[in-house]
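Okay, thanks for making time this morning. Let me put the model up on the screen, and then I'll walk you through some helix packing and the ligand.

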Amino acid sequence: MDISVKNKIKSIVGQENYFDSFEDRLVYSYDGTPVIHQMPEAVVFPKDEEQISRILELANNVKFNVVPRGAGTGLSGGSVPTENSVVVVMTRWNKILEIDEKNLTATVQPGVVTGVLQKEVEKIGLFYPPDPGSLNVCTIGGNVANNAGGLRGLKYGVTKNYVLGVEIVLPDGKFLRTGGKNMKDVAGYNLRDFIVGSEGTLGIITKVLLKLIPKPTKSITILAFFDKLTDSAQAVSDIIAAKITPAMMEFLDNTTINCVEDYTKIGLPRNVEALLLIEVDGRGSEVKDDAETIKFILKKNKAVAVREAFDEAQANILKTARRSAFSALARKMPTTILEDATVPRSELPVMIEKIVKASKMFDVMIGNFGHAGDGNLHPTALTDEREQKELDKAYRAFDYIFDEAIKLGGTITGEHGTGLAKKQFLEKVTGPVGLDMMMRIKKAIDVNNILNPGKIFSLSPRCEGTLPRKREQIKNFDENFS
Ligand SMILES: Cc1cc2nc3c(=O)[nH]c(=O)nc-3n(C[C@H](O)[C@H](O)[C@H](O)COP(=O)(O)OP(=O)(O)OC[C@H]3O[C@@H](n4cnc5c(N)ncnc54)[C@H](O)[C@@H]3O)c2cc1C
């Protein structure tokens, strides 16, 4: 990037909010996604909407790319810089602006950490349910941009179910406010829902209005162990079929259990094939009734042990252990590729078997865990990116897993987004017409394709972004494999 352009950017945000040393750029060259990284030209921390708008106007005029970034915990490469890009970091926009107890809403800046908001509203008996495993670090802006899910998605839904309004700066620098405190509003196209899940490609979010709900007052947390994976999957299907909706129903396979136990040392049995962590919550006697029915179903499906947490502290230890699954697996091998295959819940037992098959067929260690109640699994390949052959095996396994998920009516990502990591699979899910419509929307809103280009799909070679995978290498590997 030309030094004169850098100077213009610096003059917009001020010297103190502009960084372009090698070290600074390195820190912002990757997110939570393995293998994918690229150095930005500069990193900025804008102070207000005006500065964001001016950066975007300049980007359109002199043609550089702008990459919005929250905490950088994304698992699809959404905030990884593309070539010739400036990273706009929103973590300093971390104020909770209002908690409206009459309308049950919270107005927040996008850099507010999700877990911080949750603790704040819970102090006054309110509840913000979306709880990604990264909640102690990730930001509301990143959650909205990725439509993040979490452990409680089964009963309470995902981020989109709580976004009432957003304010964004559009790629051409104009401001847009859409949505509001009305519980009903069908005036025109629903632009708000359009922004949710747009992965930083349609605008930079500067303010979010969120719906809150009353906090459940009772909860029961149950832990069940199974000698057979398929029995645990069948138990999940049977609980759903019994018309019970737990707040969470999480699954861990043997590899994940062992890694979590190595990490947390909470006494999980190492020899079982699967574990289910289930929580029911509410405000009345139905909580106890549902817990009893669930325990009955678990035992009927050959759970070798069913335990109930003694108290909230013990329940929290178990949930924290589950949230550590990714970090625990990541300690095992140098590279951890966590995926996000999702199927209709009734297909969960089949999908779990397909993942086991992929691990054997492609000779790659795969730990599997996830939001079983949502049919959202996180098969996680434990590999070493320094060994291209090993990496290719993992990619082949995921190609297979995605194909099988799609055959079962599922999708390539339930909550992590498409980003760079999965754009090559997108058309398999959307079909050509769906993909073309998405591209036309992007072209209409971001005429010069300057905002987070190359994410979700590629519009032109200029904005290809860091290539997620070298397909040719995988093809060569395929040829050598048989
Ligand atoms: C240990 C771990 C556990 C996780 N568990 C879950 C889980 O349970 N469920 C789940 O859904 N995800 C999970 N994730 C993935 C990740 O935390 C989420 O996708 C989260 O929403 C990302 O938030 P972030 O602030 O880190 O955003 P980033 O990673 O910085 O960015 C994510 C995307 O949002 C865009 N973006 C960020 N801020 C803005 C803004 N202000 N305006 C416009 N675009 C913006 C970026 O361009 C990028 O495309 C997990 C990740 C880790 C590392």
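Let's start with helices H8 and H13, which cross in a right-handed way. Right-handed here means the near helix is turned clockwise from the far one by less than a right angle, and left-handed would be anticlockwise. Before I go on, the small print: this is a predicted model, where local features need pLDDT of at least 70, side-chain atom pairs count only at pLDDT 80 or more, and totals for chains, interfaces and linings use all residues. Residues are numbered from 1 along each chain as its sequence is written, and side-chain values use heavy atoms, with hydrogens and water left out.

Back to the pair. H8 covers residues 229-241 and H13 covers 348-361; their axes are 8 Å apart and the packing angle is about 155 degrees. That makes the two helices roughly antiparallel, a label used for angles over 145 degrees. Axes are lines fitted to C-alpha atoms over the stretch in contact, and angles run from 0 to 180 degrees between N-to-C directions. The helices themselves are DSSP runs of H or I with at least four residues, strands are E runs of at least two, and numbering goes from the N terminus.

H13 also packs on H14, residues 388-407, at about 155 degrees with the axes 9 Å apart. So H13 and H14 are roughly antiparallel too, and their crossing is right-handed. Then there's H1 (3-13) with H3 (49-62): the axes come within 9 Å and cross at roughly 165 degrees. That crossing is right-handed.

Now the ligand. Which residues come nearest? Out of 35 around the ligand, those are Pro68, Gly70, Thr73, Ser134 and Thr139; "around" means a heavy atom within 4 Å. By class, the shell has 12 nonpolar, 20 polar and 3 charged residues, with Gly counted as polar, Tyr, Cys and Pro among the nonpolar ones, and Asp, Glu, Lys and Arg as charged.

For polar contacts, meaning N or O pairs within 3.5 Å, a side-chain N or O of Thr73 is 2.6 Å from a ligand oxygen. Glu199 uses a backbone N or O, 3.1 Å from a ligand oxygen. Asn452 has a polar side-chain atom 3.2 Å from one. H5, residues 140-146, is among the elements giving two or more residues to the shell, and H5 has the largest share, with 5.

Terms used. A polar contact is a pair of N or O atoms within 3.5 Å; within protein, one must be able to donate a hydrogen and the other to accept it, and residues adjacent in sequence count only if both atoms are side-chain atoms. Angles under 35 degrees count as roughly parallel, over 145 as roughly antiparallel, 65 to 115 as roughly perpendicular and the rest as oblique.
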